[in-house]
Amino acid sequence: MAVTGRKHLTRCGKCCYYCRQVTTFLFSHIGLCTLLIGYALMGAFTFQALELKNEEKQRLEMLTIREHMIQQLWNITQESPVLSQHEWTHAAEGKLETFEKTLLEAVLRKGYDGSDDVTRKSSQWSFSGSLLYSIIVITTIGYGNIAPRTDWGKVVTILYAIIGIPLMLFCLSSIGHAMAHSFKFIYWKCLCYLCVAPKRHRRPAQKRR
């Protein structure tokens, strides 16, 4: 009957029918969990695309700056006619101060994590790291061990949290509702059934004549 009635629906009626079916599924327990998992995966791909290139760029820049610093110290050593500790320290001190300021700025503002490995295996913004960050954002845990450094990454984080946090709360509410019903059912079946179940009365045995 439902299939026959569906065939006679207009195009607008079919659209409304399928939208209602999709909405019903999305707001079910399985639908909400599926939607939340998909949202977390989407966030992982998004943050990886926004932050991974910046992280690799900062590692390459700091590797180049460090090699340049080593070369400058070697040049100071070679250019000294007489190697004196006082003169060498005085000449190298300014170079080291500049390197320290550059390193500190790279760590605090540009997202440099102190690693020289330019491969993606040790990257903070690998897929697993980006997925962890997505889960941290929507669950409001906030470990603080990873954070976006690009402007687009910060903006997307705000928008991602605005949608993801209510979705997470809605999903937790749905799961809690299902767990409450499950606990009530288990409690009734396992504990209360023995108390509420009617007792069977044995019929008195009839005396044979």
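**Helices, core and annotated segments**

Student: Over residues 125–146, how far apart are the end C-alpha atoms?

Tutor: This is a predicted model, in which local features need pLDDT of at least 70, side-chain atom pairs count only at pLDDT 80 or more, and totals for chains, interfaces and linings use all residues. Residues are numbered from 1 along each chain as its sequence is written, and side-chain values use heavy atoms, with hydrogens and water left out. The segment is 59% helix and 0% strand (DSSP runs: helices are H or I of at least four residues, strands E of at least two, numbered from the N terminus). Its end C-alpha atoms are apart by 9 Å.

Student: What is the end C-alpha distance over residues 158–179?

Tutor: The UniProt record (unreviewed entry) places the feature "transmembrane region" at residues 27–50, 125–146 and 158–179; such annotations may be inferred rather than shown by experiment. Residues 158–179 are 100% helix and 0% strand. The distance between the end C-alpha atoms is 31 Å.

Student: Which helix gives the most residues to the largest nonpolar core?

Tutor: A nonpolar core is a set of buried (under 20% relative accessible area, 1.4 Å probe, protein chains only) Ala, Val, Leu, Ile, Met, Phe, Trp, Tyr and Cys residues joined through side-chain atoms within 4.5 Å. The largest has 16 residues, and Leu-36, Trp-125, Tyr-133 and Tyr-160 have the most contacts inside it. Helix 3 (29–79), helix 5 (127–139) and helix 6 (151–196) each give two or more residues to this core. The top contributor, with 6 residues, is helix 3.

Student: Is Thr-89 partly exposed or buried, and why?

Tutor: Thr-89 lies in helix 4 (residues 85–108). Partly exposed covers the range between under 20% (buried) and over 50% (exposed). Because its relative accessibility is 40%, Thr-89 counts as partly exposed.
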